[in-house]
Amino acid sequence: MATAEAAHHDEHHGHPTGILRWITTTNHKDIGTLYLCFSLTMFMVGGLMALVIRAELFQPGLQIVDPHFFNQMTTMHALAMIFGAVMPGFVGFANWMIPMMIGAPDMALPRLNNWSFWILPFAFTMLLASLFTVGGGPAAGWTLYAPLSIQGGMSVDMTIFAVHMMGVSSILGAINVIVTIFNMRAPGMTLLKMPLFVWTWLITAFLLIAVMPVLAGVVTMLLTDRHFGTAFFNPAGGGDPVMFQHIFWFFGHPEVYILILPAFGIISEIIPTFSRKPLFGYTAMVLATAGIAFLSFIVWAHHMFTVGMPLAGELFFMYSTMLIAVPTGVKVFNWVSTMWRGSLTFETPMLFAIAVVFLFTIGGFSGLMLAITPADFQYHDTYFVVAHFHYVLFSGSVMAMMGGAYYWLPKWTGHMYDEKLGKAHFWLNTIFFNITFFPQHFLGLAGMPRRIPDYALQFTEFNVISSIGALGLGLSQLLFVYVVFKCVQGGKKASSEVWEQPLGLEWTVPSPAPYHTFETPPRIS
């Protein structure tokens, strides 16, 4: 009855209700929710595509899909996960949390905020619709390398247009984040008093504005090569397909840091809370984040060691890539130092945060192996690379988002999630993730190429293990959807001290540490 009266009151005062409310909303929490729901949807769609890939690779021989459709699945899986699941997911976190963390009433540009979200469903409808065109979807890999992408049918044009739309959405969202953080902080909140999640997003937003136009440029050049008689990437007309790779990866490498920096921010909020200690080395963390962002612009050609670069180029990109491990190592050290001598408890968000620190570090080490030029000649385009980037992107970005969702769900919904089910989801997710991707390191070291629908017999056992793991990983996400749905629907009311700890812990421990010596573990009053 009360809700009906409220709805009537809203309509009477000109506030739309129902579906119209969601379409026209300029409220940062509503838009954050839309982004998060969209991200979860695309995560499940991308996951189904991954299961098609793993089903085909369950046994040697061609059995389930034809090779061309297999290539379409590898392409679409990556595009859906990167541009559909991870990036919008982090924008959802930014929309929800940044205004609250800096004491702002809303985002600075609320209508732009609404627009930047509503571009996405149309972009992805077009991207997924490309699978149903004559000749099927794009099959050039998510990198859309020329000359493969010059040959495809109409689906490649639809993909190019969808990528443009995603880029517009990302740039608008980034502008909004920067303007909000610079102009709408509460009095007294200097830049070096902001929570680390806000810092990581500020730096990510600058990265987005810097590199999304580069992606737009390279896909536009591709479009003109396809339809307007240019020859940017066609050697017969004086072009060079390797130039495509240079321009693409000049976007693509900062992009992978766009995908991980907000995850670092989430982890830097969760770990201090459940360690009952302020974050160790706040300023160093901010500087490390900025250092990672700067170095991300000078390492792009480490994806291209095998294209025939001059030796000096290979050495430069090898050393600069190894250098980026330093600020990343600073972050891992600081997270571990925060936990050191803390009063730890292991609720679901903390389990995810610890798993991210551990598993992301494995991804970091395999990345260092790939950075060594002569070694990369062996690893390049094998399943070792697939294992590496899934340890970075799934156990880095995606699991950080899951931890962040459990951490802030009580704040977002007013209800506690089911802790037992949350922990069950964590263990199923983490165990099946490792069963899926750890064997792929061995496949890669043994020489199995990536992006192939069939393989030699000696790779069978590890592929069987990997495919069984993928099925378990996919099914465990259904539990996650259920936990979130159940929490939104109702449950135990979230208290003002939601984690119910003896120290009277609030939602977040402020990231900047108050001054103290570390001779005795600090208490938070």
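Searching the whole of this predicted model turns up 3 cavities of 30 Å³ or more. The largest has a volume of about 150 Å³, and the second largest holds about 40 Å³ of space. Here's a quick tour of those two, plus a buried glutamate.

**Largest cavity**
- There are 17 residues in the lining, and Met87, Pro88, Val91, Ser170 and Leu208 sit closest to the centre.
- Four helices each give two or more residues to this lining: H4 (67-102), H7 (154-183), H8 (196-227) and H9 (241-275).
- Sorted by class, the lining comes out at 13 nonpolar and 4 polar residues, with no charged ones.

**Second largest cavity**
- The residues around this one are Val91, Ala94, Asn95, Met107, Asn113, Gly173, Asn176 and Val177.
- H4 and H7 are the elements that supply two or more residues here.
- The split is even, with 4 nonpolar and 4 polar residues, and again nothing charged.
- Val91 turns up in both places: it's among the residues closest to the centre of the largest cavity, and it also lines the second largest.

**Glu255, a buried charge**
- Which helix holds Glu255? Glu255 belongs to H9, one of the helices that help line the largest cavity.
- Glu255 is buried but has no salt bridge; the nearest side chain of opposite charge is Arg451, 14 Å away.
- Leaving aside residues up to four places away in sequence, Glu255 touches Ile82, Phe83, Met87 and Met212.
- Met87 links the topics: this residue contacts Glu255 and is also among those closest to the centre of the largest cavity.

How values were computed
Residues are numbered from 1 along each chain as its sequence is written. This is a predicted model: local features need pLDDT of at least 70, side-chain atom pairs count only at pLDDT 80 or more; totals for chains, interfaces and linings use all residues. Side-chain values use heavy atoms; hydrogens and water are left out. On a 1 Å grid over the protein atoms alone, a cavity is a set of points where a 1.4 Å probe fits but cannot get out, and a pocket is an open set with protein on both sides within 12 Å along at least five of seven lines; lining residues have an atom within 4 Å of a point. Grid points are joined across faces, edges and corners, and a volume is the space filled by probe spheres set on the points. Ala, Val, Leu, Ile, Met, Phe, Trp, Tyr, Cys and Pro count as nonpolar, Asp, Glu, Lys and Arg as charged, and the others, Gly among them, as polar. Buried means under 20% relative accessible area, exposed over 50%, partly exposed in between (1.4 Å probe, protein chains only). Lys and Arg count as positive and Asp and Glu as negative; His and the chain ends are not counted. A salt bridge is a side-chain nitrogen of Lys or Arg within 4 Å of a carboxyl oxygen of Asp or Glu. Contact means heavy atoms within 4.5 Å.
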